[in-house]
Every structure is written in structure tokens, then in C-alpha cells.
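Here is a short note to read alongside the model. Please keep the structure open while going through the points.

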Amino acid sequence: IGIIPVFYNNDLEVSKKIIDACYDGGARVIEFTNRGDNAYRIFSDLVIHYSQVNPNLILGVGSVGDPATGALFISSGSNFVVGSVFNPELAKVCNRKKVTYSPGCGSASEISQAEELGVEIVKMFPGDSVGGPKFVKSILGPTPWTRIMPTGGVEANEESITGWFKAGVAA
């Protein structure tokens, strides 16, 4: 559907309800953020649960900025890793395990470096501060192969979402 719901909750049962609601609403890809103590334990339990009850769900982790944390979540079953910053060493860890990595990038140079290390979709972060949909159009002009997923400044309304997709974002 082009939208990836992002959330964190420190309660396993509440997290299941959030994921189920997102899935029922059409989302097939969901990002659980690494924002609390023992987030990887909740995430691991979610992976085990959904591998049994809904193997069609693609569950990944966000807010990962270093290779050790990325490796922990990958070993817990993450289907993808998203970061608020670009970390070349984390890109290598993800590539070794064939796990998609979407780092936070805020410049043409960061996007280029990420793509050179195998990144297929960059997370434009913080989307509204970097330049919003105009930044997307500016990047896609000379590099139309770039796939961008903005985070930050994407509002949950038709006008905002339409503006981002018209600019050319992938998700």
C-alpha cells in the first residue's frame, strides 16, 4: 500500500493488537522501533508469534544506528532494518545476512554512499527538515533510480501523503 506503519510499545499484548489493526487496515510491512529497554525481547516474541499466526506479515525494526544492535535484531528475525542515520558498517552487516537496510539520509552524498553499499530504499530523515517533497524531486531529477521513503513531516492526511507520492517517493 506504500505506507509502513511505525510504532513502539513495551507491552507484548498491546503490540500484537497494534500490528493486527495495521494488518487489518491493509499494511503488510510494519516497523517496530527500537526505542525502549528490552525492545529486542518484545520484538523477538512478536517475530515468533507472527511466524506462526501470520507468516505473510513482514516485520522489521527501526531506530537502529549501529552494527551490534542491527545484528541483535537480525538474529531475532527482523526482515529489514531502518536507521535514523547512515552507518556503513551496519550496511555491511545487513548485506551479509541479506536483510534490507534503509538508513536515514539527509543529503545527495549520503544517499549516493548508501546506494553504493547496496541500499535499495533510503529513508529521507528528517523529511520535512531536509526539504520535503521538493528535496525528493531535486534528488530524483539526476538520479531517477533512487528510491526514497520519507520519515518526519509526513502527516496522516490526504494532502500530505499525496504531495509526497507526487514528488516521487517509493513509500
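The points below go from the whole chain to its core.

1. The model is a predicted one. Its chain contains eight helices and eight strands.

2. How does the radius of gyration compare with that of a compact globule? For 171 residues, a compact globule would be expected to have a value near 16 Å, and the chain has 16 Å, so the two agree. Along the principal axes, the C-alpha atoms fit a box of roughly 45 × 35 × 25 Å.

3. Contacts between residues 24 or more positions apart make up 52% of those in the chain with a separation of 6 or more.

4. Of the 171 residues, 40% count as buried, where buried means under 20% relative accessible area. The accessible surface of the chain is about 8,800 Å², and carbon and sulfur atoms account for 51% of that area.

5. The charged side chains number 14 positive and 17 negative. The centres of these two sets are 4 Å apart.

6. In soluble globular proteins, nonpolar side chains tend to be buried together. In this chain, the largest nonpolar core holds 40 residues. Which of them touch the most other members? They are Ile-19, Val-81, Tyr-101 and Val-136. Helix H2, covering residues 39-53, gives the most to this core, with six residues.

7. Val-136 can be followed further. Leaving aside residues up to four places away in sequence, Val-136 touches Met-124, Ile-148, Trp-164, Ala-167, Gly-168 and Val-169.

Technical notes: Residues numbered from 1 in each chain as written. Predicted model: local features only at pLDDT ≥ 70, side-chain atom pairs only at ≥ 80, totals over all residues. Heavy atoms only, no water. Helix = DSSP H or I, 4+ residues; strand = E, 2+ residues; numbered from the N terminus. Rg over C-alpha atoms; globule rule 2.2 N^0.38 Å. Buried < 20%, exposed > 50% of the residue type's maximum accessible area, 1.4 Å probe, protein only. Contact = heavy atoms within 4.5 Å. Areas by Shrake-Rupley, 256 points an atom, 1.4 Å probe, with all protein chains shown as cover. Lys, Arg positive; Asp, Glu negative; His and termini not counted. Charge placed at Lys NZ, Arg CZ, Asp CG, Glu CD. Core = buried A, V, L, I, M, F, W, Y, C linked by side-chain atoms within 4.5 Å.
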